[in-house]
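This report describes one protein chain, beginning with its overall make-up and then turning to a set of strands and a ligand shell. The sequence and structure are shown first.

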Amino acid sequence: MTTINSRTHAAAPPLSQQAAASPTLDGQLDVYELAARIEAGHRLTREEALAVLRVPDAATHTLVAAAGRLRQKFFGNTVKVNYLVNLKSGLCPEDCTYCSQRLGSKAEILKYTWLKPQEAVHQAGLGVAGGASRVCMVASGKGPTDRDVDRVATMIGQLKDEHPEVEVCACLGILKEGQAAKLHAAGADAYNHNLNTAESLYPEICSTHTYQDRVDTVGQARHAGLSPCSGLIVGLGENPEQLVEAVFALRDLEADSIPVNFLMPFDGTPLEGTWLLTPLGCLRILALVRLACPQAELRMAGGREMHLRTQQPAALQVANSIFLGDYLTSEGQAAAADLAMIADAGFMVLGQEDVDPNELARRVHASKNRDARQPATGCGGGCASTCGTAGTGCPIGAAGPAAGVEPVLRRRGAGTSESPNA
Ligand code: SF4
């Protein structure tokens, strides 16, 4: 069995010293030594990646601390906050097994066609006000028509006019010739298209498009000058070898940002009831991605609340990016709780380094309590907010998805008349 040395983060000398002081021992994975070699330019091998996944639960926080040195080196103590706007929900003709928007999904998600540009920009602006420096504009479907691209280009132009500082990432599915260039010309900074899983597992996950379609779209985006964003959904039934295969494919793709989603097994989808992840296992996966792609923006994405659970702050030690608030079809924890978590873990929100994240959380909290449409949740207090309403509607204490229960379907934000979770 692979074991690791048990040094703690606090006691650890700088990586450069550790490399000389702690050679790899037979049968043991010295995670600090591995991180030091990676810092010096070593490329994680398949054997090392598998050993990372085999780190025992009791030593997983040591692994996180070692991988966290790379996160600190490349991203300091900042957390990039991203905000999702679901431009078009459900009604997809594709059959991705994990997806609540798929063909034949019985999940009772919000279903709506394209938001009007004004509404999309309004929704995005609320995320920016909540601290987001990147807005991800997402639409269901195999891929956009040229008319769809024109529509999204209009939204991007309007959003950039109102918030020139914000990064915009489009996520519209498989692109056709010329569409990436059009999005780039409209002001998009990035394009997201996830590989999701290993090529060897892909035929079991989807039959209506191929893994190669996804690789090609990421390549088109890069070629057009868009920053490539591509990531994973873990917990689909992949084995460790397939997980490493998928992570190394992302490394080969040189994705600038890598969202790691944790399967939310929606009722009414083929993967309903699939619970294969543990919180510490999720930490090992994030550490693996950090060690394989040390300079990539690593985002703990959908499903973090229900799978990482109390380990979310520990995950921030290796991931440097999160989505704020809700996801495409499900509700995340309260946006104010996201910001409070960042503050409590000692991090700053990227682009808002001069503002205490607790202050951002208080602003979100206060704006929620000013909004009569926000349902009161009765948090029970314990909040440092100065809004004067703690205990009568505090979103900091509002429950997100509880551990091991079904995803909470989104009923607020884009496509509804309710205030978003931002
Ligand atoms: S992941 Fe995208 S392409 Fe696949 S079913 Fe869902 S919305 Fe459609």
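## Overall composition

The chain has 15 helices and twelve strands; both are DSSP runs numbered from the N terminus, helices being H or I runs of at least four residues and strands E runs of at least two. The model is a predicted one, in which local features need pLDDT of at least 70 and side-chain atom pairs count only at pLDDT 80 or more, while totals for chains, interfaces and linings use all residues. Residue numbers start from 1 along each chain as its sequence is written.

Of the 422 residues in the chain, 53% are buried. A residue is termed buried if 20 or more other C-beta atoms lie within 10 Å of its own, exposed if 12 or fewer, and partly exposed in between, with C-beta atoms placed from the backbone. Among contacts with a separation of 6 or more, 73% are between residues 24 or more positions apart; a contact requires C-beta atoms, placed from the backbone, within 7 Å.

## Strands β3 and β4

Strands β3 (78–88) and β4 (residues 134–139) pair in the parallel sense over six bridges, where pairing requires that DSSP finds at least two bridges between two strands. Within this pair, Lys88 stands opposite Ala139 in β4. Together with α5 (117–129), β3 and β4 make a right-handed β-α-β unit. A crossover is right-handed if, with the strands pointing away from the viewer, the path from the first strand over the helix to the second runs clockwise.

Six of the six residues of β4 are buried, so this strand is largely enclosed by the rest of the structure. In a regular strand the side chains alternate between the two faces of the sheet. In β4, Arg134, Cys136 and Val138 point one way, and Val135, Met137 and Ala139 point the other way.

## Strands β5 and β6

Strand β5 (residues 167–171) is largely enclosed by the rest of the structure, because four of its five residues are buried. β4 and β5 run parallel and are joined by five bridges. Across this pair, Arg134 stands opposite Glu167, and Met137 stands opposite Ala170. From β4 the chain passes through helix α6 (residues 146–162) to β5 in a right-handed β-α-β crossover.

β5 is also joined to strand β6 (residues 190–192), in parallel, by two bridges. Here Cys169 stands opposite Ala190 in β6. The connection from β5 to β6 runs through helix α7 (residues 179–186), and this β-α-β crossover is likewise right-handed.

## Annotated cysteines and the ligand shell

An unreviewed UniProt entry annotates Cys92, Cys96 and Cys99 as "binding site"; UniProt positions are given in the numbering used here, feature names are shortened, and annotations may be inferred rather than shown by experiment. Cys92 is located in the loop between β3 and α5, as is Cys99. Cys92 is buried because 22 other C-beta atoms lie within 10 Å, and Cys99 is buried because 26 do. Not counting residues up to four places away in sequence, Cys92 touches Gln101, Arg102, Leu103, Ser140 and Gly141.

The residues around the ligand are Cys92, Glu94, Cys96, Cys99, Gln101, Arg102, Ser140, Lys142 and Gly173, where the criterion is a C-beta atom, placed from the backbone, within 6 Å of the molecule. By class, this shell has three nonpolar, three polar and three charged residues. Ala, Val, Leu, Ile, Met, Phe, Trp, Tyr, Cys and Pro count as nonpolar, Asp, Glu, Lys and Arg as charged, and the others, Gly among them, as polar.

Notes: Contact = placed C-beta atoms within 7 Å.
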